[in-house]
Amino acid sequence: MGDHTDIDRQVKTYVLIFVTLMALTIITVAISRLHLPVAAAVAIALLVATVKGGLVASYFMHLISERKLIYWVLAFTVAFFFAVLLLPLWTHWDPIHN
């Protein structure tokens, strides 16, 4: 078990992450009200969501202190996620079917 100072430091970290997540949520809402082009708004919103997801995974899911195998599995998952996202673009611009 940790002593009182370790617990206080962890609580401060969690509060800081929570406040950061709330600020990023407000930023996401503000972006939606800026009347940006759809592609730019989606790109910025996805960037903010990625940062928020990284904070949640790192601190609340305790991945920040995990071993390298966890990071390899996470990177593999992210790579397949982007492959699934890009698959419709690849089939849409396929010169054989156009």
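**Two helices, a nonpolar patch and a few ring pairs**

At 30% relative accessibility, Tyr 14 falls into the partly exposed class. The model it belongs to is a predicted one, and Tyr 14 makes a handy way in. Its ring sits stacked with that of Phe 60, the two centres being 5.6 Å apart and the planes 20 degrees from each other. Tyr 14 belongs to helix α1 and Phe 60 to helix α2, so this pair ties together parts that lie 46 residues apart in sequence. Phe 60 also counts as partly exposed, its relative accessible area being 36%.

Stacked rings are not the whole aromatic story, as the structure holds three aromatic pairs. Another one of them joins Phe 81 and Phe 82: here the ring centres are again put 5.6 Å apart, but the planes meet at 65 degrees, so the pair is edge-to-face. Both of these rings can be placed on the accessibility scale. Phe 81 is partly exposed at 48%, and Phe 82 is partly exposed at 46%.

Back to helix α1, which runs over residues 4-32 and has 29 residues. From its first C-alpha to its last, α1 reaches 42 Å, close to the 42 Å expected at 1.5 Å a residue. Which residues of α1 are buried? They are Ile 17, Leu 21, Leu 24 and Ile 31. Part of the cover over these buried residues comes from α2, residues 38-60.

Ile 17 shows what that looks like for a single side chain. This residue of helix α1 has a relative accessible area of 6%, under the 20% cut-off, and therefore counts as buried. Setting aside neighbours within four places in sequence, Ile 17 is in contact with Leu 55, Tyr 59 and Phe 60. Phe 60 thus turns up once more, having already been met as the stacking partner of Tyr 14. Leu 46, on the other hand, is 29 residues from Ile 17 in sequence and 19 Å from it in space, C-alpha to C-alpha.

Not everything nonpolar is tucked away. A nonpolar surface patch of about 780 Å² is made by Ile 7, Val 11, Val 15, Phe 18, Val 19, Met 22, Val 56, Phe 60 and Met 61. Helices α1 and α2 each supply at least two of the patch residues, and α1 gives the most, with six. Val 56 is a patch member that lies in helix α2. Its relative accessibility is 31%, so Val 56 counts as partly exposed. Phe 60 is another member of the patch, which adds to its stacking with Tyr 14 and its contact with Ile 17.

That leaves the charged side chains. Side chains of opposite charge can pair when their charged atoms come close. How many salt bridges does a search of the whole structure find? The search turns up one. Arg 9 and Asp 6 are the partners, with 3.1 Å from N to O. Both lie in helix α1, three residues apart, about one turn of the helix. An α-helix has 3.6 residues a turn, so residues three or four places apart point the same way. As for accessibility, Arg 9 counts as exposed at 53%, while Asp 6 counts as partly exposed at 30%.

Technical notes
Residues are numbered from 1 along each chain as its sequence is written. This is a predicted model: local features need pLDDT of at least 70, side-chain atom pairs count only at pLDDT 80 or more; totals for chains, interfaces and linings use all residues. Side-chain values use heavy atoms; hydrogens and water are left out. Helices (H or I, at least four residues) and strands (E, at least two) are DSSP runs, numbered from the N terminus. The expected span of a helix is 1.5 Å times one less than its number of residues. Buried means under 20% relative accessible area, exposed over 50%, partly exposed in between (1.4 Å probe, protein chains only). Contact means heavy atoms within 4.5 Å. Patches are made of residues with over 30% relative accessible area and no salt bridge: like charges are joined within 9 Å, nonpolar side chains (Val, Leu, Ile, Met, Phe, Trp, Tyr) within 5 Å. Accessible areas come from the Shrake-Rupley method with a 1.4 Å probe; for residues, only the protein chains shown count as cover. A salt bridge is a side-chain nitrogen of Lys or Arg within 4 Å of a carboxyl oxygen of Asp or Glu. Rings of Phe, Tyr and Trp (its six-membered ring) pair if their centres lie within 6.5 Å; planes under 30 degrees apart count as stacked, over 60 as edge-to-face and the rest as tilted.
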